[in-house]
Amino acid sequence: MSILKIDEVTKVYEGKVTHRALNQLSFEVEKGEFLAVMGPSGSGKTTLLNVVSTIDTPTSGEITVDGIKPHELNKNELAYFRRRQLGFVFQDFNLLQMLTVEENMVLPLTLDNMDVELMEERVQSVSKQLGIQSILEKRPNEISGGQAQKTAIGRALIHKPSLILADEPTGNLDSNSSRDVLELLGRINKKEGTTIVMVTHDPIAASYCDRVLFIKDGEYFNEIYKDDHRQTFFQGILNVLSLLGGHVGDFSTVRLP
Ligand SMILES: Nc1ncnc2c1ncn2[C@@H]1O[C@H](COP(=O)(O)OP(=O)(O)O)[C@@H](O)[C@H]1O
Ligand SMILES: [Mg+2]
């Protein structure tokens with residue numbers, strides 16, 4: 001069953017020069033899938049996440065999330081939809097500096113006037129799952145980048161969303177924290193069945209996913225599915241990236257953990 005359907009979506013930015021950031025893009029994401037989206041810089045990856053998350057409106061085409069067409073909702077329905085169905089994770093964490101880890105995580109719930117005891121329960125179970133119980137009282141400037149991203153993932157999960165959208169979630173992390181965060185996303189995906197769409201330029205990060213979708217100039221370019229060996233999947237990702245052009249980096253000596 002598909003939880004996300006992108007149907008011939010086009011996004012044109014009008015300006016001094018008009019720019020076609022997405023061009024008749026179509027694909028579907030299955031419920032429970034962990035999908036990576038890759039493509040050169042400027043290929044439309046962030047635009048894609050923005051039209052799915054309703055931050056931006058497609059110029060044409062249709063998007064369906066779990067049977068709902070978010071771009072047809074009114075303002076109130078949309079706010080509710082975004083809070084309930086979607087979780088967001090960003091490259092720079094987007095935590096509020098004056099709030100503690102716990103307060104950052106419950107923020108979406110307080111917006112819904114949730115019962116305090118219920119909130120407490122949710123925080124406990126999510127922070128346990130993420131292994132961040134010991135830092136709940138700390139503020140963002142007192143924790144590591146990896147812990148900050150786990151907090152942001154906690155905030156995204158607190159509503160039990162059906163779809164998590166992550167834009168370069170490991171872009172600001174060192175390789176150990178990246179692996180931690182990716183393994184965590186993988187576990188959440190497997191255990192909770194949460195569907196994840198993750199934009200990344202890192203082929204190692206992409207190799208944690210079930211499938212990698214490649215886009216170029218806002219258009220579908222290719223896709224590959226994981227196989228039994230992460231190393232061959234990783235090699236396959238590198239091969240498509242080299243076809244895509246742009247700087248791939250030197251991964252010739254990388255052995256995956
Ligand atoms: N708000 C905007 N106004 C005009 N052009 C934009 C806007 N956002 C993105 N673009 C352009 O659309 C293209 C795709 O951008 P983006 O989706 O950010 O790519 P990516 O995330 O793959 O690097 C780029 O050429 C970018 O300059
Ligand atoms: Mg981007």
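**Ligand 1 shell, strand E2 and helix H3**

Helix H1 provides the largest share of the shell around ligand 1, three residues. The model is predicted. H1 spans residues 45-52, and strand E2 covers 19-30; each of these two elements supplies at least two residues of the shell. The full set around the ligand comprises Tyr13, His19, Ala21, Pro40, Ser41, Gly42, Ser43, Gly44, Lys45, Thr46 and Thr47. Sorted by class, the shell holds seven polar, three nonpolar and one charged residues.

Polar atoms of the protein approach oxygen atoms of ligand 1 at several residues, including His19, Ser43 and Thr47. At Thr47, a polar side-chain atom lies 2.6 Å from a ligand oxygen. His19 also uses a polar side-chain atom, here at 3.0 Å from an oxygen of ligand 1. Ser43 contributes through its backbone instead: a polar backbone atom is 3.2 Å from a ligand oxygen. On its own, ligand 1 has 560 Å² of accessible area, and the protein covers 58% of that area.

Strand E2, a contributor to the ligand shell, also contains Asn23. The side chain of Asn23 forms a polar contact of 3.3 Å with the side chain of Arg20. Beyond residues up to four places away in sequence, Asn23 touches two groups of residues. Val9 and Thr10 form one group. Asp217, Gly218 and Glu219 form the other.

Helix H3 was examined next. H3 runs over residues 101-111, and its buried residues are Val101, Glu102, Asn104, Met105, Val106, Pro108 and Leu109. The buried set thus includes Glu102 and Asn104 alongside Val101, Met105 and Val106. These buried residues pack against three helices: H2 (75-85), H4 (116-130) and H5 (145-157). Just after H3, the backbone at Asn113 takes a positive phi of about 55°.

At the level of the whole domain, the UniProt record gives residues 4-242 as "domain: ABC transporter", in an unreviewed entry. Over residues 4-242, helix accounts for 39% of the chain and strand for 25%. The end C-alpha atoms of this stretch are 28 Å apart.

Key:
Residues numbered from 1 in each chain as written. Chains lettered and ligands numbered in written order. Predicted model: local features only at pLDDT ≥ 70, side-chain atom pairs only at ≥ 80, totals over all residues. Heavy atoms only, no water. Buried < 20%, exposed > 50% of the residue type's maximum accessible area, 1.4 Å probe, protein only. Helix = DSSP H or I, 4+ residues; strand = E, 2+ residues; numbered from the N terminus. Contact = heavy atoms within 4.5 Å. Near = heavy atom within 4 Å. Polar contact = N/O pair within 3.5 Å; in protein donor to acceptor, adjacent residues only side chain to side chain. Areas by Shrake-Rupley, 256 points an atom, 1.4 Å probe, with all protein chains shown as cover. Nonpolar A, V, L, I, M, F, W, Y, C, P; charged D, E, K, R; others polar. UniProt positions renumbered as here; feature names shortened; annotations may be inferred.
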